[in-house]
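I opened this notebook to keep a record of what I looked up, step by step, in one protein structure. The entries go from the whole chain down to single residues.

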Amino acid sequence: MSTVQRPAHTLTVPSRMYAGLLLSYATEAGIRCTWEVPGVTGREWSRVTVPPSIVLTLFSATDRTRLLAIARSKIAHLRHVSPESADALQRHYERIV
């Protein structure tokens, strides 16, 4: 069984909550990106309560690298405020990298 290779400028995020955070980080940093739920079209979207994963597509590999660096920075900052929350975000981060 072969796996589909995604270009370097995509991120498959297995958590809707974490995908939302990454989208907000991208917006704050002025990084353009789009998102999609693989295999789900517009009409089906209303019936999807918990998508299996969300794919973020960034417009360059550099933007992908920047977004991941921002995510690591946010986790490091959060560690000083709420170690438990930082640990939870770290687990999500490890699943996308």
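What follows are my entries, in the order in which I made them.

**Entry 1: the whole chain**

I note before anything else that this is a predicted model. I began by listing the secondary structure, and for the protein chain it comes to four helices and three strands. Reading from the N terminus on, I wrote the order of the elements down as β-α-β-α-β-α-α.

Next I looked up how much of the chain is covered, and found that buried residues make up 29% of its 97 residues. The surface that the protein chain exposes comes to about 6,400 Å², and carbon and sulfur atoms supply 55% of it. I also looked at the contacts between residues with a separation of 6 or more, and 66% of these join residues that are 24 or more positions apart.

**Entry 2: the sheet**

In what order do the strands of the sheet lie? I found three strands in an open sheet with the order β1-β3-β2, and the pairing is antiparallel. The edge strands are β1 and β2 (residues 33-36), each of which pairs on one side only. From one strand to the next, the twist averages 20 degrees.

I then looked at each pairing separately. As a reminder to myself, strands of a sheet pair through backbone hydrogen bonds, either parallel or antiparallel. Here β1 and β3 run antiparallel and are joined by four bridges, and four bridges also join β2 to β3, again antiparallel. For an example from each pairing, I wrote down that V13 has I54 in β3 as its bridge partner, and that T34 stands opposite T57 in β3.

I also checked how covered β3 is, and it is mostly covered, with four of its five residues buried. Helix α1 packs on the sheet, where it touches β1, β2 and β3, and its direction makes about 15 degrees with that of β3.

**Entry 3: V13 and the nonpolar core**

Is V13 buried or exposed? I found V13 in strand β1, which covers residues 10-13, and its relative accessible area is 0%, so it counts as buried, the limit for that being under 20%. Leaving aside neighbours within four places in sequence, V13 is in contact with Y18, A19, L22, S53, I54, L56 and I96. One of these, L56, is 43 residues away along the chain, yet the C-alpha atoms of V13 and L56 are separated by 7.5 Å.

V13 led me to the largest nonpolar core, which has 20 residues, and in which L11, V13, Y18, L22 and L67 touch the most other members. The elements that give two or more residues to this core are β1, α1 (16-29), β3 (54-58), α3 (61-81) and α4 (83-96). Helix α1 gives the most, with five residues.

I followed L22 as well, and, not counting residues up to four places away in sequence, L22 touches V13, L56, L67, A71 and I96. Both V13 and L22 therefore have L56 and I96 among their contacts, as I see when I put the two lists side by side.

**Entry 4: S15 and H92**

After V13 I moved on to S15, which is found in the loop between β1 and α1. Although S15 lies in a loop, its relative accessibility is 9%, so it counts as buried. A polar atom of the S15 side chain lies 3.1 Å from the backbone nitrogen of Y18.

Which residues does H92 touch, leaving aside its neighbours within four places in sequence? They are S15, M17 and Y18. H92 itself lies in helix α4, and I count it as buried because its relative accessible area is 18%, which is under 20%.

**Entry 5: K74**

My last look was at K74, which lies in helix α3. Its relative accessible area is 32%, so K74 is partly exposed, that class lying between the limits of 20% and 50%. Not counting residues up to four places away in sequence, K74 touches Y25 and E28. I also noted the pair K74 and L89, which are 15 residues apart in sequence and, from C-alpha to C-alpha, 9.2 Å apart in space.

Notes: Residues numbered from 1 in each chain as written. Predicted model: local features only at pLDDT ≥ 70, side-chain atom pairs only at ≥ 80, totals over all residues. Heavy atoms only, no water. Buried < 20%, exposed > 50% of the residue type's maximum accessible area, 1.4 Å probe, protein only. Contact = heavy atoms within 4.5 Å. Core = buried A, V, L, I, M, F, W, Y, C linked by side-chain atoms within 4.5 Å. Polar contact = N/O pair within 3.5 Å; in protein donor to acceptor, adjacent residues only side chain to side chain. Pairing = 2+ DSSP bridges. Axes fitted to C-alpha atoms, helices over the stretch in contact; angles between N-to-C directions. Areas by Shrake-Rupley, 256 points an atom, 1.4 Å probe, with all protein chains shown as cover.
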